[in-house]
Amino acid sequence: MGDSTATADLDIALEKHRTELTGYCYRMLGSSFEAEDAVQDTLVRAWRSYDKFEGRSSLRSWLYRIATNVCLDMLTAGNKRARPMDLTESTPLAQAALSPRPDNTWLEPVPDARVLPTVDDPAEAAVAKESVRLAFMAALQQLPPKQRAVLILREVLAWKASEVAELLDTTVASVNSALQRARATLAERERSGAGAEVSDPLDEEQLKLLERYVKAFEGYDMTALTALLHEDAVMTMPPFDLWLTGHDDITGFMTTLGAACAGSRLLPVQVNGLPGFAQYKPDPEAGGFTPWSIQVLEISDGRLTGFHFFLDTQRWFPLFGLPLHLEAEPDQVEEGV
């Protein structure tokens, strides 16, 4: 009886850390699915070796140590996940071609709820959100794995240098040096491309912008959409490496290669600390709507500066707890939509 109670207590104690560990592994690996695998591996290792845990550090620190080792092992293959604009030049619309690359090429989206634990401190919550945004995640992927771990532990999770040194079996001087190099790399990338400036929670202007976006997109109104896009807005569509820049090429694509998206429905989702939508497009065969993409929107200065369509719906929609079919609403059926 005592053993089973202790086992249940340990399961509860470990499970309590799942969301924050998933957030840590996601930042390390750039993949929502690999992060979940890494956390599962971490919790299994912790469960199996719990009798060796001497309690010199907290259970949380010990779990982060295991998770870091799991992630560093997974990163030895050297794969850096990226966004399309990290890999190729922007393509003019006239030359647009849809060439897919393997799944493990791409930085993956993640639902906020899986990686952002509930915290009481608004400042801490804001830092956590900012640290899973696509631009920051893409910058993290450029860092060598150990620097990545140091930067996340120090800057995002606010660990002391001495705690990080202990976790990585290294010196405080080595941690400080790695942090300095990581910060320099990130600062360089920030100069070369601004990220999203999204307030948390969204302010009134941003909420109105999103309302206008939904109306323009669902109505497939390119004039209205152009008014919402920054002139240097970027559009990406992983797993395709094509990316477009500027409202003319974006709306041009949407009315040609992307014309099947006319008449889509958008449902709001919380993704990568940014506003997003699950996009369903009309399903001419079955009626209603079929999943097409998870959209992640970047906003800056009152305009949309980036919208990213993640198209692998069989993977993303279940991850976000979304249905794989939407029925047409009664009024649409009557109208024959």
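A disulfide is a pair of cysteine sulfur atoms within 2.5 Å. Keep that cut-off at hand for the first exercise below.

The model is predicted, so local features need pLDDT of at least 70 and side-chain atom pairs count only at pLDDT 80 or more, while totals for chains, interfaces and linings use all residues. Residues are numbered from 1 along each chain as its sequence is written, and side-chain values use heavy atoms, with hydrogens and water left out.

**Exercise 1. Cysteines**

Find how many disulfides the whole structure holds, and explain the result for Cys25.

Solution. Start with the search: over the whole structure it returns zero disulfides. Next, take Cys25 and look for the closest cysteine sulfur, which belongs to Cys71. The two sulfur atoms are 3.6 Å apart, and this is too far for a bond. Finally, check the surroundings: Cys25 is buried, at 0% relative accessibility (buried means under 20% relative accessible area, exposed over 50%, partly exposed in between, with a 1.4 Å probe and protein chains only). Cys71 is listed among the buried residues of H4, and Cys261 is buried too, at 9%.

**Exercise 2. Two helices and their spans**

Compare the end-to-end reach of H4 with its expected value, then do the same for H9.

Solution. Helices (H or I, at least four residues) and strands (E, at least two) are DSSP runs, numbered from the N terminus. The expected span of a helix is 1.5 Å times one less than its number of residues. Helix H4, residues 59-75, has 17 residues and reaches 24 Å from first C-alpha to last, close to the expected 24 Å. For H9, 12 residues should span 16 Å, and the end C-alpha atoms are indeed 16 Å apart. Now add burial: the buried residues of H4 include Trp62, Tyr64 and Leu72, while those of H9 include Gln147, Arg148 and Leu151.

**Exercise 3. Backbone signs in the loops**

Which phi values are positive at Ala158 and Tyr220, and where does the cis peptide bond lie?

Solution. Begin after H9, where Ala158 has a positive phi near 60 degrees. Ala158 lies in the loop between helix H9 (145-156) and helix H10 (161-167) and is exposed, with a relative accessible area of 61%. Move on to Tyr220, in the loop between H12 and helix H13 (222-228): its phi is near 50 degrees, again a positive value in a residue other than glycine. Tyr220 counts as buried, at 16% relative accessibility. Last, the cis bond joins Pro238 and Pro239, with omega about 15 degrees. Pro239 sits in the loop between strand E1 (229-236) and strand E2 (243-245).

**Exercise 4. Aromatic rings**

Trace the ring pairs that involve Phe217, and say which parts of the chain one of them ties together.

Solution. Rings of Phe, Tyr and Trp (its six-membered ring) pair if their centres lie within 6.5 Å; planes under 30 degrees apart count as stacked, over 60 as edge-to-face and the rest as tilted. The whole structure has 13 aromatic pairs. One of them is Tyr213 with Phe217, a tilted pair at 5.7 Å centre to centre and 45 degrees between planes. These two residues are four apart in helix H12 (residues 204-218), so about one helical turn separates them. Phe217 also pairs with Phe309: the centres are 6.3 Å apart and the planes at 35 degrees, so this pair is tilted. Because Phe217 lies in helix H12 and Phe309 in strand E6 (residues 303-310), the pair ties together parts 92 residues apart in sequence. Burial comes next: Phe217 is at 1% relative accessibility and Phe309 at 4%, both buried. Stepping back, ring pairs link Tyr213, Phe217, Tyr220, Phe277, Phe307 and Phe309 into a cluster.

**Exercise 5. Charges over rings**

Where do Arg265 and Lys281 place their charged ends?

Solution. A charge sits over a ring if NZ of Lys or CZ of Arg is within 6 Å of the ring centre and within 35 degrees of the ring normal. Arg265 sits over Phe289, 5.7 Å from the ring centre. Lys281 lies over the face of Trp292, at 3.7 Å from the ring centre.

**Exercise 6. Confidence**

Decide where the coordinates deserve caution.

Solution. The chain averages a pLDDT (the predictor's confidence in each residue, from 0 to 100) of 91, and 94% of residues score at least 70. Over residues 333-337, however, pLDDT is below 50. Where pLDDT is low, the predicted coordinates should not be read in detail.

Technical notes
Contact means heavy atoms within 4.5 Å.
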